[in-house]
Amino acid sequence: MTTAYAPYPAGRPRRLRRDSFTRNLVRENALSPHDLIYPVFVTEGQQRREAVSSMPGVERLSLDLLLPVAEECVQLGIPVMALFPVIDASLKTYDGKEALNPDGLVPRVVRELKKRFPELGVMTDVALDPFTSHGQDGLPDDNGYILNEETIEMLVGQALTQAEAGVDIVAPSDMMDGRIGAIRQALESRKLIHTRIMAYSAKYASAFYGPFRDAVGSAANLGKADKKTYQMDPGNSDEALHEVALDIAEGADMVMVKPGMPYLDVVRRVKDEFGVPTFAYQVSGEYAMLKAAAQNGWLDHDAVMLESLLAFKRAGADGVLTYFAIDAAKKLRQA
(Lines give C-alpha, C1' and ligand atoms only; values in the text may rest on other atoms or scores of the structure.)
Protein backbone atom coordinates (compact mmCIF):
# COMPACT_ATOMS: atom_id res chain seq x y z
CA MET A 1 0.00 0.00 0.00
CA THR A 2 1.41 3.39 -0.97
CA THR A 3 1.44 5.97 1.80
CA ALA A 4 2.63 9.51 2.41
CA TYR A 5 4.57 8.18 5.39
CA ALA A 6 7.93 6.46 5.37
CA PRO A 7 7.53 2.66 5.50
CA TYR A 8 9.06 0.53 8.23
CA PRO A 9 11.88 0.50 9.24
CA ALA A 10 12.52 4.12 8.18
CA GLY A 11 9.18 4.96 9.71
CA ARG A 12 8.71 3.81 13.29
CA PRO A 13 5.57 5.40 14.82
CA ARG A 14 6.60 4.16 18.26
CA ARG A 15 9.47 6.70 18.26
CA LEU A 16 6.86 9.37 19.04
CA ARG A 17 5.60 7.31 22.01
CA ARG A 18 9.06 6.78 23.50
CA ASP A 19 8.74 9.12 26.49
CA SER A 20 6.27 11.45 28.14
CA PHE A 21 7.71 14.70 26.77
CA THR A 22 7.40 13.45 23.19
CA ARG A 23 3.88 12.16 23.78
CA ASN A 24 2.96 15.56 25.23
CA LEU A 25 4.56 17.32 22.28
CA VAL A 26 2.61 15.49 19.57
CA ARG A 27 -0.73 14.99 21.35
CA GLU A 28 -3.56 15.93 18.98
CA ASN A 29 -6.27 16.64 21.55
CA ALA A 30 -6.16 17.82 25.14
CA LEU A 31 -8.74 18.36 27.86
CA SER A 32 -8.93 21.37 30.17
CA PRO A 33 -11.41 22.65 32.78
CA HIS A 34 -12.50 25.25 30.20
CA ASP A 35 -14.04 22.43 28.16
CA LEU A 36 -16.49 21.47 30.91
CA ILE A 37 -20.04 22.50 31.77
CA TYR A 38 -21.33 21.35 35.16
CA PRO A 39 -25.00 20.31 35.33
CA VAL A 40 -26.52 20.76 38.80
CA PHE A 41 -29.91 20.05 40.36
CA VAL A 42 -31.41 22.84 42.44
CA THR A 43 -34.37 22.57 44.78
CA GLU A 44 -36.37 24.87 47.05
CA GLY A 45 -35.65 25.44 50.73
CA GLN A 46 -32.67 26.01 52.97
CA GLN A 47 -29.91 23.58 53.89
CA ARG A 48 -31.48 20.91 51.67
CA ARG A 49 -29.16 18.24 50.38
CA GLU A 50 -30.69 15.14 48.80
CA ALA A 51 -28.60 12.39 47.27
CA VAL A 52 -29.66 11.07 43.86
CA SER A 53 -29.48 7.33 44.48
CA SER A 54 -28.95 6.40 40.82
CA MET A 55 -26.15 8.97 40.39
CA PRO A 56 -23.51 8.42 43.10
CA GLY A 57 -21.95 11.69 44.20
CA VAL A 58 -24.72 13.85 42.71
CA GLU A 59 -27.10 15.77 44.96
CA ARG A 60 -30.14 18.00 44.72
CA LEU A 61 -29.15 21.21 46.50
CA SER A 62 -30.99 24.25 47.80
CA LEU A 63 -29.60 27.59 46.64
CA ASP A 64 -27.62 28.28 49.82
CA LEU A 65 -25.74 25.00 49.38
CA LEU A 66 -25.34 25.55 45.63
CA LEU A 67 -23.45 28.81 46.11
CA PRO A 68 -20.26 27.12 47.41
CA VAL A 69 -20.42 24.77 44.43
CA ALA A 70 -20.57 27.76 42.10
CA GLU A 71 -17.59 29.29 43.88
CA GLU A 72 -15.67 26.04 43.41
CA CYS A 73 -16.47 26.10 39.68
CA VAL A 74 -15.01 29.59 39.45
CA GLN A 75 -11.88 28.55 41.35
CA LEU A 76 -11.37 25.48 39.16
CA GLY A 77 -11.86 27.34 35.90
CA ILE A 78 -15.11 25.60 34.94
CA PRO A 79 -16.75 28.26 32.76
CA VAL A 80 -20.45 27.35 32.92
CA MET A 81 -22.93 25.81 35.36
CA ALA A 82 -26.14 24.36 33.90
CA LEU A 83 -29.24 24.51 36.11
CA PHE A 84 -31.92 21.83 36.29
CA PRO A 85 -34.77 22.52 38.72
CA VAL A 86 -36.51 20.10 41.05
CA ILE A 87 -40.02 21.54 41.21
CA ASP A 88 -42.45 20.81 44.05
CA ALA A 89 -45.21 18.44 42.94
CA SER A 90 -47.88 20.96 44.00
CA LEU A 91 -46.62 23.38 41.29
CA LYS A 92 -46.74 20.90 38.43
CA THR A 93 -49.62 21.37 36.01
CA TYR A 94 -50.75 20.17 32.59
CA ASP A 95 -49.31 23.28 30.90
CA GLY A 96 -46.21 23.71 33.10
CA LYS A 97 -47.08 27.38 33.70
CA GLU A 98 -44.70 27.57 36.68
CA ALA A 99 -41.92 27.70 34.06
CA LEU A 100 -43.10 31.26 33.28
CA ASN A 101 -43.04 32.52 36.86
CA PRO A 102 -40.47 35.35 37.13
CA ASP A 103 -40.18 34.63 40.85
CA GLY A 104 -39.94 30.88 40.37
CA LEU A 105 -37.04 28.71 41.43
CA VAL A 106 -34.96 29.05 38.26
CA PRO A 107 -35.10 32.86 37.89
CA ARG A 108 -34.33 33.34 41.58
CA VAL A 109 -31.32 31.04 41.39
CA VAL A 110 -30.09 32.71 38.20
CA ARG A 111 -30.30 36.19 39.74
CA GLU A 112 -28.43 35.13 42.85
CA LEU A 113 -25.70 33.29 40.95
CA LYS A 114 -25.09 36.21 38.59
CA LYS A 115 -25.02 38.64 41.51
CA ARG A 116 -22.52 36.57 43.49
CA PHE A 117 -20.43 35.18 40.62
CA PRO A 118 -20.76 37.42 37.55
CA GLU A 119 -17.75 35.70 35.96
CA LEU A 120 -19.46 32.28 36.02
CA GLY A 121 -21.58 31.47 32.99
CA VAL A 122 -25.07 30.25 33.84
CA MET A 123 -27.10 28.08 31.48
CA THR A 124 -30.74 27.09 31.86
CA ASP A 125 -32.83 24.30 30.39
CA VAL A 126 -35.76 25.34 28.21
CA ALA A 127 -38.26 22.47 28.38
CA LEU A 128 -41.42 21.85 30.35
CA ASP A 129 -40.82 18.35 31.76
CA PRO A 130 -39.74 19.48 35.26
CA PHE A 131 -42.94 21.59 35.45
CA THR A 132 -45.60 19.33 33.94
CA SER A 133 -47.86 16.91 35.76
CA HIS A 134 -47.39 14.38 32.94
CA GLY A 135 -43.60 14.58 32.67
CA GLN A 136 -43.54 15.43 28.96
CA ASP A 137 -41.43 18.27 27.53
CA GLY A 138 -44.50 19.84 25.94
CA LEU A 139 -48.28 19.98 25.93
CA PRO A 140 -50.09 16.75 24.95
CA ASP A 141 -53.41 16.56 23.13
CA ASP A 142 -56.21 14.20 24.17
CA ASN A 143 -54.34 11.28 22.58
CA GLY A 144 -51.03 12.09 24.26
CA TYR A 145 -49.39 13.53 21.14
CA ILE A 146 -47.22 16.55 21.97
CA LEU A 147 -48.54 19.69 20.30
CA ASN A 148 -45.82 21.66 18.52
CA GLU A 149 -47.00 25.27 18.21
CA GLU A 150 -48.78 25.33 21.57
CA THR A 151 -45.63 24.03 23.22
CA ILE A 152 -43.45 26.60 21.46
CA GLU A 153 -45.58 29.40 22.86
CA MET A 154 -44.80 28.17 26.38
CA LEU A 155 -41.12 27.63 25.60
CA VAL A 156 -40.76 31.19 24.31
CA GLY A 157 -42.24 32.50 27.56
CA GLN A 158 -39.94 30.25 29.57
CA ALA A 159 -36.85 31.38 27.67
CA LEU A 160 -37.79 35.06 28.08
CA THR A 161 -38.37 34.57 31.81
CA GLN A 162 -34.90 33.06 32.16
CA ALA A 163 -33.22 35.67 29.95
CA GLU A 164 -34.82 38.54 31.81
CA ALA A 165 -33.49 37.05 35.06
CA GLY A 166 -30.01 37.43 33.58
CA VAL A 167 -29.07 33.96 32.39
CA ASP A 168 -26.21 33.81 29.89
CA ILE A 169 -27.26 30.78 27.84
CA VAL A 170 -30.71 29.34 27.24
CA ALA A 171 -30.65 25.71 26.14
CA PRO A 172 -33.87 24.45 24.52
CA SER A 173 -33.92 20.68 25.05
CA ASP A 174 -37.51 19.99 23.98
CA MET A 175 -36.98 19.09 20.28
CA MET A 176 -40.06 20.94 18.99
CA ASP A 177 -39.86 22.02 15.34
CA GLY A 178 -39.13 25.72 14.92
CA ARG A 179 -38.56 26.59 18.56
CA ILE A 180 -35.06 28.04 18.07
CA GLY A 181 -36.30 30.61 15.56
CA ALA A 182 -39.24 31.57 17.76
CA ILE A 183 -37.02 31.99 20.83
CA ARG A 184 -34.40 33.98 18.90
CA GLN A 185 -37.04 36.32 17.48
CA ALA A 186 -38.54 36.86 20.94
CA LEU A 187 -35.13 37.60 22.46
CA GLU A 188 -34.36 40.10 19.70
CA SER A 189 -37.75 41.80 20.13
CA ARG A 190 -36.96 42.34 23.83
CA LYS A 191 -33.44 43.57 22.97
CA LEU A 192 -31.96 40.58 24.79
CA ILE A 193 -29.36 40.38 22.06
CA HIS A 194 -26.57 38.96 24.23
CA THR A 195 -28.48 35.88 25.39
CA ARG A 196 -26.86 32.89 23.76
CA ILE A 197 -28.79 29.84 22.57
CA MET A 198 -27.25 26.40 22.90
CA ALA A 199 -29.69 24.19 21.04
CA TYR A 200 -30.16 20.55 21.94
CA SER A 201 -30.23 19.96 18.20
CA ALA A 202 -29.69 16.20 18.00
CA LYS A 203 -31.35 14.89 21.15
CA TYR A 204 -32.17 11.22 20.89
CA ALA A 205 -34.99 9.23 22.50
CA SER A 206 -32.45 7.41 24.60
CA ALA A 207 -32.64 4.88 27.41
CA PHE A 208 -29.61 6.57 29.00
CA TYR A 209 -31.69 9.37 30.58
CA GLY A 210 -33.22 7.33 33.41
CA PRO A 211 -31.18 8.62 36.37
CA PHE A 212 -31.71 12.25 35.27
CA ARG A 213 -35.48 11.79 35.30
CA ASP A 214 -35.14 10.42 38.83
CA ALA A 215 -33.10 13.48 39.80
CA VAL A 216 -35.62 16.08 38.57
CA GLY A 217 -38.63 14.06 39.64
CA SER A 218 -40.21 13.58 36.20
CA ALA A 219 -39.85 9.80 35.98
CA ALA A 220 -42.93 9.02 38.05
CA ASN A 221 -45.04 11.57 36.15
CA LEU A 222 -43.94 10.18 32.79
CA GLY A 223 -44.76 6.63 33.82
CA LYS A 224 -44.75 4.22 30.88
CA ALA A 225 -45.07 6.99 28.30
CA ASP A 226 -42.12 7.86 26.05
CA LYS A 227 -40.83 10.82 24.04
CA LYS A 228 -40.34 9.14 20.68
CA THR A 229 -42.66 11.49 18.76
CA TYR A 230 -40.28 14.41 19.31
CA GLN A 231 -36.87 13.12 20.35
CA MET A 232 -34.78 11.50 17.61
CA ASP A 233 -34.65 7.83 16.63
CA PRO A 234 -31.31 6.32 17.80
CA GLY A 235 -30.95 4.64 14.41
CA ASN A 236 -30.57 7.93 12.52
CA SER A 237 -27.58 10.19 11.92
CA ASP A 238 -28.41 11.90 8.60
CA GLU A 239 -31.47 13.25 10.37
CA ALA A 240 -29.21 14.79 13.01
CA LEU A 241 -27.51 16.88 10.33
CA HIS A 242 -30.92 18.07 9.16
CA GLU A 243 -31.89 19.07 12.72
CA VAL A 244 -28.60 20.88 13.31
CA ALA A 245 -28.86 22.75 9.99
CA LEU A 246 -32.34 23.98 10.89
CA ASP A 247 -31.26 25.19 14.33
CA ILE A 248 -28.24 27.06 12.96
CA ALA A 249 -30.42 28.71 10.32
CA GLU A 250 -32.90 29.74 13.03
CA GLY A 251 -30.27 31.48 15.14
CA ALA A 252 -28.61 28.96 17.45
CA ASP A 253 -25.16 30.06 18.60
CA MET A 254 -24.09 26.58 19.67
CA VAL A 255 -25.44 23.10 19.03
CA MET A 256 -25.48 19.94 21.11
CA VAL A 257 -25.63 16.19 20.63
CA LYS A 258 -27.23 14.16 23.42
CA PRO A 259 -26.41 11.53 24.72
CA GLY A 260 -22.66 11.58 24.46
CA MET A 261 -20.39 8.57 24.10
CA PRO A 262 -22.90 6.30 22.32
CA TYR A 263 -23.30 9.11 19.74
CA LEU A 264 -19.73 10.26 19.15
CA ASP A 265 -20.13 9.42 15.45
CA VAL A 266 -22.88 12.06 15.32
CA VAL A 267 -20.66 14.61 17.11
CA ARG A 268 -17.95 14.07 14.48
CA ARG A 269 -20.40 14.36 11.58
CA VAL A 270 -21.89 17.57 12.98
CA LYS A 271 -18.50 19.18 13.54
CA ASP A 272 -17.20 18.18 10.11
CA GLU A 273 -20.35 19.32 8.31
CA PHE A 274 -20.96 22.68 9.99
CA GLY A 275 -17.82 23.76 11.86
CA VAL A 276 -19.89 25.55 14.51
CA PRO A 277 -19.40 25.37 18.30
CA THR A 278 -20.51 21.81 19.04
CA PHE A 279 -21.18 20.32 22.46
CA ALA A 280 -22.12 16.92 23.80
CA TYR A 281 -23.86 15.85 26.98
CA GLN A 282 -22.36 12.95 28.92
CA VAL A 283 -25.75 12.03 30.30
CA SER A 284 -26.81 10.55 33.62
CA GLY A 285 -26.82 6.95 32.42
CA GLU A 286 -23.27 7.23 31.10
CA TYR A 287 -22.14 8.74 34.39
CA ALA A 288 -23.97 6.11 36.44
CA MET A 289 -22.41 3.23 34.49
CA LEU A 290 -18.87 4.47 35.00
CA LYS A 291 -19.53 5.21 38.67
CA ALA A 292 -21.04 1.78 39.30
CA ALA A 293 -18.18 -0.03 37.58
CA ALA A 294 -15.60 1.99 39.53
CA GLN A 295 -17.39 1.35 42.83
CA ASN A 296 -17.25 -2.37 42.10
CA GLY A 297 -13.52 -2.16 41.41
CA TRP A 298 -13.97 -3.09 37.76
CA LEU A 299 -12.60 0.19 36.37
CA ASP A 300 -10.14 2.86 37.51
CA HIS A 301 -12.49 5.78 38.27
CA ASP A 302 -10.22 8.72 37.48
CA ALA A 303 -8.63 7.09 34.44
CA VAL A 304 -11.95 6.23 32.75
CA MET A 305 -13.43 9.60 33.72
CA LEU A 306 -10.67 11.53 31.97
CA GLU A 307 -10.43 9.11 29.04
CA SER A 308 -14.15 9.35 28.39
CA LEU A 309 -14.03 13.16 28.42
CA LEU A 310 -11.01 13.23 26.12
CA ALA A 311 -12.97 11.04 23.70
CA PHE A 312 -15.49 13.86 23.29
CA LYS A 313 -12.73 16.28 22.34
CA ARG A 314 -11.24 13.79 19.89
CA ALA A 315 -14.66 13.35 18.26
CA GLY A 316 -14.88 17.10 17.66
CA ALA A 317 -16.78 18.45 20.66
CA ASP A 318 -15.77 21.92 21.80
CA GLY A 319 -17.09 21.18 25.27
CA VAL A 320 -18.89 18.60 27.37
CA LEU A 321 -21.73 18.78 29.86
CA THR A 322 -20.72 16.29 32.51
CA TYR A 323 -21.48 15.44 36.13
CA PHE A 324 -17.76 14.67 36.43
CA ALA A 325 -16.85 18.33 35.82
CA ILE A 326 -15.60 19.20 39.30
CA ASP A 327 -13.76 15.92 39.85
CA ALA A 328 -12.23 16.11 36.37
CA ALA A 329 -11.15 19.74 36.80
CA LYS A 330 -9.41 18.87 40.06
CA LYS A 331 -7.50 16.02 38.43
CA LEU A 332 -6.56 18.18 35.45
CA ARG A 333 -5.14 20.84 37.74
CA GLN A 334 -2.98 18.22 39.41
CA ALA A 335 -1.65 16.91 36.10
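Pro-259 is found in the loop between strand S10 (254–258) and helix H9, where helices (H or I, at least four residues) and strands (E, at least two) are DSSP runs numbered from the N terminus. The peptide bond that leads into this proline from Lys-258 is cis, with omega near 0°. The model is a predicted one, in which local features need pLDDT of at least 70 and side-chain atom pairs count only at pLDDT 80 or more, while totals for chains, interfaces and linings use all residues. Residues are numbered from 1 along each chain as its sequence is written, and side-chain values use heavy atoms, with hydrogens and water left out.

A cis peptide bond is also found from Tyr-8 to Pro-9, with omega near 10°, and Pro-9 belongs to the segment before helix H1 (20–26). Two residues other than glycine have positive phi values: phi is near 70° in Met-175 and near 65° in Lys-191. Met-175 lies in the loop between strand S8 (169–172) and helix H5 (179–189), and Lys-191 is placed in the loop between H5 and strand S9 (196–203). With respect to solvent, where buried means under 20% relative accessible area, exposed over 50% and partly exposed in between (1.4 Å probe, protein chains only), Met-175 counts as buried at 3% relative accessibility, whereas Lys-191 is exposed, with a relative accessible area of 70%.

Lys-258, the residue that precedes the cis bond to Pro-259, is also placed over aromatic rings. A charge is taken to sit over a ring if NZ of Lys or CZ of Arg is within 6 Å of the ring centre and within 35 degrees of the ring normal. The charged end of Lys-258 sits over the ring of Phe-212, 5.3 Å from its centre, and Lys-258 also lies over the face of Tyr-281, at 4.6 Å from the ring centre.

Phe-212 and Tyr-281 belong to one aromatic cluster together with Phe-41, Phe-84, Tyr-200, Tyr-287, Tyr-323 and Phe-324. Rings of Phe, Tyr and Trp (its six-membered ring) are paired if their centres lie within 6.5 Å, and planes under 30 degrees apart count as stacked, over 60 as edge-to-face and the rest as tilted. By this rule the count comes to ten aromatic pairs. The rings of Tyr-287 and Tyr-323 have centres 5.7 Å apart and planes at 65°, so this pair is edge-to-face. The pair links distant parts of the chain, 36 residues apart, with Tyr-287 in helix H10 (residues 284–295) and Tyr-323 in the loop between strand S12 (319–322) and helix H12 (325–334). Both Tyr-287 and Tyr-323 are buried. Tyr-287 forms a further aromatic pair with Phe-324, a tilted one with 4.7 Å from centre to centre and 50° between the planes. Because Tyr-287 lies in helix H10 and Phe-324 in the loop between S12 and H12, the pair ties together parts that are 37 residues apart in sequence. Tyr-287 counts as buried at 3% relative accessibility, and Phe-324 counts as buried at 1%.

A nonpolar core is defined as a set of buried Ala, Val, Leu, Ile, Met, Phe, Trp, Tyr and Cys residues joined through side-chain atoms within 4.5 Å. The largest such core has 108 residues, and those with the most contacts inside it are Phe-41, Leu-66, Met-81, Leu-113, Met-123, Met-198 and Leu-321. The largest share of this core, eight residues, comes from H4. With contact meaning heavy atoms within 4.5 Å, and residues up to four places away in sequence not counted, Leu-321 touches a set of residues including Met-123, Met-198, Tyr-200 and Tyr-281.

Helix H4 (residues 148–165) contains Ala-159, and Thr-151 lies in this helix as well. Ala-159 counts as buried at 0% relative accessibility, and Thr-151 likewise counts as buried at 0%. Leaving aside residues up to four places away in sequence, Ala-159 touches Val-126, Val-170 and Ile-183, whereas Thr-151, with neighbours within four places left aside, is in contact with Asp-137, Gly-138, Leu-139, Ile-146 and Met-176.
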